Amino acid sequence: MWLSNFGEKGRLQSSQLQRLVQPSKELIATVHSMPHFITSHEQFRVVLRLRNTTDKKYNLHITLQTIPKSGLVWIGDIRRLVGDVLPGSFVDVPLDVLPIRSGVWEIGEITILNLINNKEFIYTSIGQILVGLPDP
(Lines give C-alpha, C1' and ligand atoms only; values in the text may rest on other atoms or scores of the structure.)
Protein backbone atom coordinates (compact mmCIF):
# COMPACT_ATOMS: atom_id res chain seq x y z
CA MET A 1 0.00 0.00 0.00
CA TRP A 2 1.13 3.56 -0.62
CA LEU A 3 -0.18 7.05 0.06
CA SER A 4 -0.96 9.77 -2.45
CA ASN A 5 0.43 13.30 -2.23
CA PHE A 6 -2.59 14.23 -0.09
CA GLY A 7 -2.13 11.34 2.37
CA GLU A 8 -4.94 9.22 0.91
CA LYS A 9 -4.58 5.54 0.11
CA GLY A 10 -3.22 5.03 -3.39
CA ARG A 11 -5.07 3.02 -6.03
CA LEU A 12 -3.72 0.99 -8.87
CA GLN A 13 -5.39 1.72 -12.17
CA SER A 14 -4.95 -0.89 -14.83
CA SER A 15 -6.26 -1.79 -18.24
CA GLN A 16 -6.47 -4.99 -20.25
CA LEU A 17 -3.33 -6.05 -22.06
CA GLN A 18 -3.56 -6.00 -25.83
CA ARG A 19 -4.18 -9.35 -27.51
CA LEU A 20 -5.22 -8.21 -30.96
CA VAL A 21 -3.30 -8.80 -34.15
CA GLN A 22 -3.74 -6.57 -37.18
CA PRO A 23 -5.96 -8.62 -39.48
CA SER A 24 -5.21 -9.17 -43.15
CA LYS A 25 -8.07 -9.70 -45.56
CA GLU A 26 -6.58 -13.00 -46.74
CA LEU A 27 -4.91 -14.43 -43.64
CA ILE A 28 -6.27 -13.59 -40.20
CA ALA A 29 -3.92 -14.17 -37.27
CA THR A 30 -5.38 -14.14 -33.76
CA VAL A 31 -4.05 -15.15 -30.37
CA HIS A 32 -6.09 -18.24 -29.45
CA SER A 33 -4.56 -18.68 -25.99
CA MET A 34 -1.95 -16.88 -23.91
CA PRO A 35 -1.55 -16.22 -20.18
CA HIS A 36 -2.15 -12.69 -18.86
CA PHE A 37 0.62 -12.84 -16.26
CA ILE A 38 3.78 -14.92 -15.92
CA THR A 39 6.90 -14.75 -13.78
CA SER A 40 10.33 -14.23 -15.29
CA HIS A 41 12.29 -17.32 -16.32
CA GLU A 42 9.05 -19.36 -16.50
CA GLN A 43 8.44 -20.62 -20.04
CA PHE A 44 4.93 -20.13 -21.44
CA ARG A 45 3.06 -20.96 -24.62
CA VAL A 46 1.16 -18.72 -27.00
CA VAL A 47 -1.18 -20.38 -29.49
CA LEU A 48 -1.50 -18.37 -32.68
CA ARG A 49 -4.50 -19.19 -34.88
CA LEU A 50 -4.02 -18.62 -38.62
CA ARG A 51 -7.27 -18.51 -40.63
CA ASN A 52 -7.31 -18.69 -44.42
CA THR A 53 -10.24 -16.55 -45.62
CA THR A 54 -9.60 -17.07 -49.32
CA ASP A 55 -10.86 -19.73 -51.72
CA LYS A 56 -7.29 -20.96 -52.35
CA LYS A 57 -5.06 -23.33 -50.41
CA TYR A 58 -2.16 -21.74 -48.50
CA ASN A 59 1.13 -23.42 -47.65
CA LEU A 60 2.55 -21.38 -44.78
CA HIS A 61 6.04 -20.90 -43.36
CA ILE A 62 6.52 -18.88 -40.16
CA THR A 63 9.58 -16.91 -39.00
CA LEU A 64 9.79 -15.57 -35.44
CA GLN A 65 11.90 -12.52 -34.62
CA THR A 66 12.65 -11.08 -31.21
CA ILE A 67 11.85 -7.41 -30.70
CA PRO A 68 15.09 -5.53 -29.86
CA LYS A 69 15.59 -4.86 -26.13
CA SER A 70 12.63 -7.10 -25.32
CA GLY A 71 12.44 -9.14 -22.14
CA LEU A 72 11.19 -12.16 -24.12
CA VAL A 73 13.00 -14.75 -26.23
CA TRP A 74 11.56 -17.46 -28.47
CA ILE A 75 12.22 -21.08 -27.49
CA GLY A 76 12.73 -23.71 -30.19
CA ASP A 77 12.89 -23.40 -33.95
CA ILE A 78 12.31 -19.79 -35.05
CA ARG A 79 11.75 -20.85 -38.67
CA ARG A 80 9.27 -23.60 -39.35
CA LEU A 81 6.87 -24.93 -41.89
CA VAL A 82 3.26 -24.63 -40.75
CA GLY A 83 1.94 -26.56 -43.73
CA ASP A 84 -1.25 -26.45 -45.74
CA VAL A 85 -4.23 -24.38 -44.66
CA LEU A 86 -7.29 -25.15 -46.77
CA PRO A 87 -9.74 -22.46 -47.89
CA GLY A 88 -11.99 -21.31 -45.05
CA SER A 89 -10.10 -23.30 -42.43
CA PHE A 90 -7.50 -22.53 -39.76
CA VAL A 91 -4.43 -23.99 -38.10
CA ASP A 92 -3.22 -23.43 -34.53
CA VAL A 93 0.50 -22.79 -34.15
CA PRO A 94 2.02 -23.23 -30.66
CA LEU A 95 4.83 -20.76 -29.88
CA ASP A 96 7.01 -21.14 -26.79
CA VAL A 97 8.42 -18.03 -25.10
CA LEU A 98 10.81 -17.45 -22.20
CA PRO A 99 10.61 -14.16 -20.29
CA ILE A 100 14.04 -13.03 -19.10
CA ARG A 101 13.10 -9.69 -17.50
CA SER A 102 10.06 -8.34 -15.68
CA GLY A 103 7.81 -5.71 -17.26
CA VAL A 104 5.09 -5.42 -19.88
CA TRP A 105 6.44 -6.81 -23.14
CA GLU A 106 5.27 -6.98 -26.74
CA ILE A 107 5.26 -10.47 -28.26
CA GLY A 108 6.49 -10.49 -31.86
CA GLU A 109 7.61 -9.93 -34.61
CA ILE A 110 6.17 -12.71 -36.77
CA THR A 111 6.51 -13.10 -40.53
CA ILE A 112 4.29 -15.60 -42.31
CA LEU A 113 5.06 -16.55 -45.90
CA ASN A 114 2.64 -18.27 -48.25
CA LEU A 115 4.97 -20.55 -50.20
CA ILE A 116 2.49 -20.97 -53.06
CA ASN A 117 2.48 -17.31 -54.17
CA ASN A 118 5.40 -15.92 -52.06
CA LYS A 119 3.10 -13.42 -50.34
CA GLU A 120 4.37 -12.22 -46.95
CA PHE A 121 2.25 -11.27 -43.93
CA ILE A 122 4.16 -9.34 -41.25
CA TYR A 123 2.81 -8.89 -37.73
CA THR A 124 4.99 -6.54 -35.66
CA SER A 125 3.26 -7.59 -32.44
CA ILE A 126 0.73 -10.28 -31.60
CA GLY A 127 0.02 -9.05 -28.07
CA GLN A 128 1.43 -8.04 -24.71
CA ILE A 129 2.19 -9.91 -21.52
CA LEU A 130 2.94 -8.80 -17.98
CA VAL A 131 6.05 -10.48 -16.56
CA GLY A 132 6.57 -10.29 -12.80
CA LEU A 133 9.45 -11.19 -10.54
CA PRO A 134 9.61 -14.78 -9.27
CA ASP A 135 8.82 -15.44 -5.60
CA PRO A 136 11.94 -15.21 -3.45
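Is Val104 buried, partly exposed or exposed, and what is its relative accessible area? In this predicted model, Val104 is partly exposed, with a relative accessible area of 48%. The close-ups below begin with this residue and then turn to the strands.

**View 1. Val104 takes part in a nonpolar surface patch.** Here you can see Phe37, Val104 and Leu130, which together make a nonpolar patch of about 270 Å² on the surface. Val104 belongs to strand β8, residues 103-107. Its relative accessible area of 48% counts as partly exposed because that class lies between the 20% limit for buried residues and the 50% limit for exposed ones.

**View 2. Strand β4 pairs with strands β6 and β9.** Let us move to β4, which spans residues 58-64 and is mostly covered, with 5 of its 7 residues buried. One partner is strand β6 (residues 79-85), joined to β4 in the antiparallel sense over 6 bridges. Look for Thr63, which stands opposite Arg79 of β6. Another partner is strand β9 (residues 110-114), which runs antiparallel to β4 and is joined to it by 5 bridges. In this pairing, Ile62 stands opposite Ile112 of β9.

**View 3. Tyr58 and Phe121 form a tilted aromatic pair.** The model has 1 aromatic pair by the rule used here. Its members are Tyr58 and Phe121, with 6.2 Å from centre to centre and 35 degrees between the planes. The pair links distant parts of the chain: Tyr58 sits in strand β4 and Phe121 in strand β10 (residues 119-123), 63 residues apart. How much accessible area does Tyr58 keep, in relative terms? Tyr58 has a relative accessible area of 3%, so this residue is buried. Phe121 is buried as well, with a value of 5%.

**View 4. Ile122 of strand β10 is partly exposed.** Staying in β10, we come to Ile122, whose relative accessible area is 47%. Which residues does Ile122 touch, leaving aside those up to four places away in sequence? The contacts of Ile122 are Glu109, Ile110 and Thr111. For a link back to View 2, find Thr63 again: the C-alpha atoms of Ile122 and Thr63 are separated by 9.6 Å, while the two residues are 59 residues apart along the chain.

Notes: Residues are numbered from 1 along each chain as its sequence is written. This is a predicted model: local features need pLDDT of at least 70, side-chain atom pairs count only at pLDDT 80 or more; totals for chains, interfaces and linings use all residues. Side-chain values use heavy atoms; hydrogens and water are left out. Buried means under 20% relative accessible area, exposed over 50%, partly exposed in between (1.4 Å probe, protein chains only). Helices (H or I, at least four residues) and strands (E, at least two) are DSSP runs, numbered from the N terminus. Two strands pair if DSSP finds at least two bridges between them. Rings of Phe, Tyr and Trp (its six-membered ring) pair if their centres lie within 6.5 Å; planes under 30 degrees apart count as stacked, over 60 as edge-to-face and the rest as tilted. Patches are made of residues with over 30% relative accessible area and no salt bridge: like charges are joined within 9 Å, nonpolar side chains (Val, Leu, Ile, Met, Phe, Trp, Tyr) within 5 Å. Accessible areas come from the Shrake-Rupley method with a 1.4 Å probe; for residues, only the protein chains shown count as cover. A salt bridge is a side-chain nitrogen of Lys or Arg within 4 Å of a carboxyl oxygen of Asp or Glu. Contact means heavy atoms within 4.5 Å.
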